[in-house]
Amino acid sequence: MLPTSLFAVVLSFLSLVEAQKSQQLVLEKVLDISTANLPNPPAFRIPASPNPLFVSVALCATHDNSTRFFLTNDTSISNPGPSDVDSVNTVEIGLPTEGYGIWSTYFTNGGVLSVVKGNAPIEIEVLVSANNATDMGYPLLGDTTSNQALVFSPPFDPLPTEIPTFPNYTLPPANLSFTPPSSPINVTLLLAVTAQSNLASLPRTACALKAAAPVNKATPVPSSISEGLWLRDSDGWRYQWLLNGLSPRTNYTMFAYRDDGLASSEPVYFVTKSATFNCPIVHSLPFCPTVAYAAPLAPPAGVATAHTADTLPAGVADTLISTMANFTVTLSTLACGRDVYSPLVTCTDCSDAYRRWLCAVSFPRCAETPSTVSDTGDGAQVPLPALTTVQGGAAARNPALPALTSSYQALLPCLETCNAADRACPNFLGFKCPLPRFTAADSYGVGYIDNGEDGVVGHGSTGVAQDKYGNVWCNRG
């Protein structure tokens, strides 16, 4: 039996050896690190993997860029530093203005991430993942009313592309139905009044936004209280939130971040309508999945604050579904998949483009003249939206919609939405759009995405129907 004093020396030695071992990072698990309490040596082991791994580092607050991060897959290097960088096996992970850095390579036998402490202690997060934890995308604004906003998370889990073939070429049904993913990611939306926050000046990371949310009076909105998942288009599934209790004519900033990721989205901005705005939001229509905006309808009955397929006036949904079904029958008279009418598009493309156009013209989009001259975020003045005034009691563009008793302004559909259907569909359908140089501007927004010259694609005054600063120029559907 060892003497007590010798036993204590052995324990001390073993504790020192254990303390000097680098900490093992766990795949797909975020590790919170303070540079004030780094291990000795300040290194973290990367797990071995036969497949490429992404190593991501994120700042949880602004800093002076003096802290540095070095990564190696050379297991003979226990604590990589500046002298080990060869840009092959050992690299420095830089953190640009976004506040996060990433490197992907093979770690067949594992690897090491080291931290060289800077002038001041900082909080960081580290993640080793089989996927890019900094690839976030943008949240999407549907529309606003005076006190509501319909917003969507960045897309995820896009549907696999399935190209039907002849003779079993099946077009999508008029009333679409999809099965949501069984284990979707969790996404949190962060919302703040723009004038009361400086969130846009922070590192674009989830931990920085979480830490700064209270002082910026920002509200986290988790996916658990969303309206559920929605498949707008081929980009993938999105959570949708119907935010209530907002203030009229107020600018808001929103971010989104995945609960298992490091980076946040870029900021997206929007402004609510005036207190007199009188059109409710319409969303979650299986036959018109991209309709997510205010439309000229009476408010829904009961406790609902927005229209869905369940609350639309009688006959509106039936008319649209019947129109889409009849179009599908006519399109199917072509031997789709065998008789190729274009090397670029298919019958499915035609069906999708026609549906978007049909929904855009069937559900007029209510809007308002901007209260101030809008800009693109860099100070450049942009055109006014394509608005037309509809008097109270006048028939809506879609005769299936009941006339609204009060006046409203309608945002005209983008001419490009019509042109997309024209280009995607076979000639025998006889689908045609008005020409920009003649009557197109009477019923469509012209010159925003395309420049308005016949046959010219692109080079419009805005280039898009809607931007991330809340400007919306025409209704793309």
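**Sheets, cores and selected residues in the predicted model**

Five strands form an open sheet in the order E1-E3-E8-E5-E6, and the pairing within this sheet is mixed. The edges are occupied by strand E1 (23-24) and strand E6 (90-92), each of which has a single partner strand, so that one side of each is left without a neighbour in the sheet. The structure described here is a predicted model, and the mean pLDDT of the chain is 91, with 94% of its residues reaching 70 or more. Over residues 6-20, by contrast, the pLDDT is below 50, and this stretch has four contacts in the model beyond near neighbours in sequence. Where pLDDT is low, the predicted coordinates should not be read in detail.

Within the five-strand sheet, strand E8 (residues 111-116) pairs with strand E3 (residues 43-46) in the antiparallel sense over four bridges, and with strand E5 (residues 68-72), again in the antiparallel sense, over five bridges. Leu113 of E8 is the bridge partner of Phe44 and also the bridge partner of Leu71, whereas Val112 of E8 is the bridge partner of Arg45. Five of the six residues of E8 are buried, and the strand is therefore largely enclosed by the rest of the structure.

A further open sheet contains four strands in the order E2-E9-E4-E7, with antiparallel pairing. Its edge strands are strand E2 (31-34) and strand E7 (100-107), each of which pairs on one side only, and the twist from one strand to the next averages 20 degrees. The pairing of E2 with strand E9 (residues 123-129) is antiparallel and extends over four bridges; on the E9 side, Ile124 is the bridge partner of Ile33.

Farther along the chain, strand E16 (residues 251-258) is mostly covered, with six of its eight residues buried. Seven bridges join E16 to strand E12 (residues 187-193), and these two strands run antiparallel; in this pairing, Thr253 of E16 is the bridge partner of Ala192. E16 also pairs in the antiparallel sense with strand E17 (residues 268-271), over four bridges, where Val271 of E17 is the bridge partner of Asn251.

The nonpolar interior was examined next. In soluble globular proteins, nonpolar side chains tend to be buried together. The largest nonpolar core in the model has 48 residues, of which Trp357 and Phe363 touch the most other members. The elements that give two or more residues to this core are E19, H3, helix H4 (347-362), strand E22 (408-411) and helix H5 (415-424), and the largest share, eight residues, comes from H4. When residues up to four places away in sequence are not counted, Phe363 touches Leu285, Phe287, Cys288, Val291, Tyr293, Leu312, Val316, Leu320, Leu401 and Asn475. A second, separate core of 22 residues includes Met136, Phe156, Val221 and Leu229.

Leu320, one of the residues touched by Phe363, lies in helix H3 (residues 316-331). With a relative accessible area of 5%, Leu320 is classed as buried because this value is under 20%. Leaving aside neighbours within four places in sequence, Leu320 is in contact with Phe287, Cys288, Leu358, Ser362 and Phe363. Phe287 and Cys288 likewise appear among the residues touched by Phe363. The C-alpha atoms of Leu320 and Cys359 are separated by 8.0 Å, although these residues are 39 residues apart along the chain.

Thr311, in the loop between strand E19 (293-294) and H3, was considered as a residue outside the helices and strands. Its relative accessible area is 25%, and Thr311 is accordingly partly exposed. Leaving aside neighbours within four places in sequence, Thr311 is in contact with Pro300 and Ala306, and a polar contact of 2.9 Å joins its side chain to that of His307. Thr311 and Ala301, ten residues apart in sequence, lie 7.4 Å apart in space, C-alpha to C-alpha.

Notes: Residues are numbered from 1 along each chain as its sequence is written. This is a predicted model: local features need pLDDT of at least 70, side-chain atom pairs count only at pLDDT 80 or more; totals for chains, interfaces and linings use all residues. Side-chain values use heavy atoms; hydrogens and water are left out. Two strands pair if DSSP finds at least two bridges between them. Axes are lines fitted to C-alpha atoms, for helices over the stretch in contact, and angles run from 0 to 180 degrees between N-to-C directions. Buried means under 20% relative accessible area, exposed over 50%, partly exposed in between (1.4 Å probe, protein chains only). Contact means heavy atoms within 4.5 Å. A polar contact is a pair of N or O atoms within 3.5 Å; within protein, one must be able to donate a hydrogen and the other to accept it, and residues adjacent in sequence count only if both atoms are side-chain atoms. pLDDT is the predictor's confidence in each residue, from 0 to 100. A nonpolar core is a set of buried Ala, Val, Leu, Ile, Met, Phe, Trp, Tyr and Cys residues joined through side-chain atoms within 4.5 Å.
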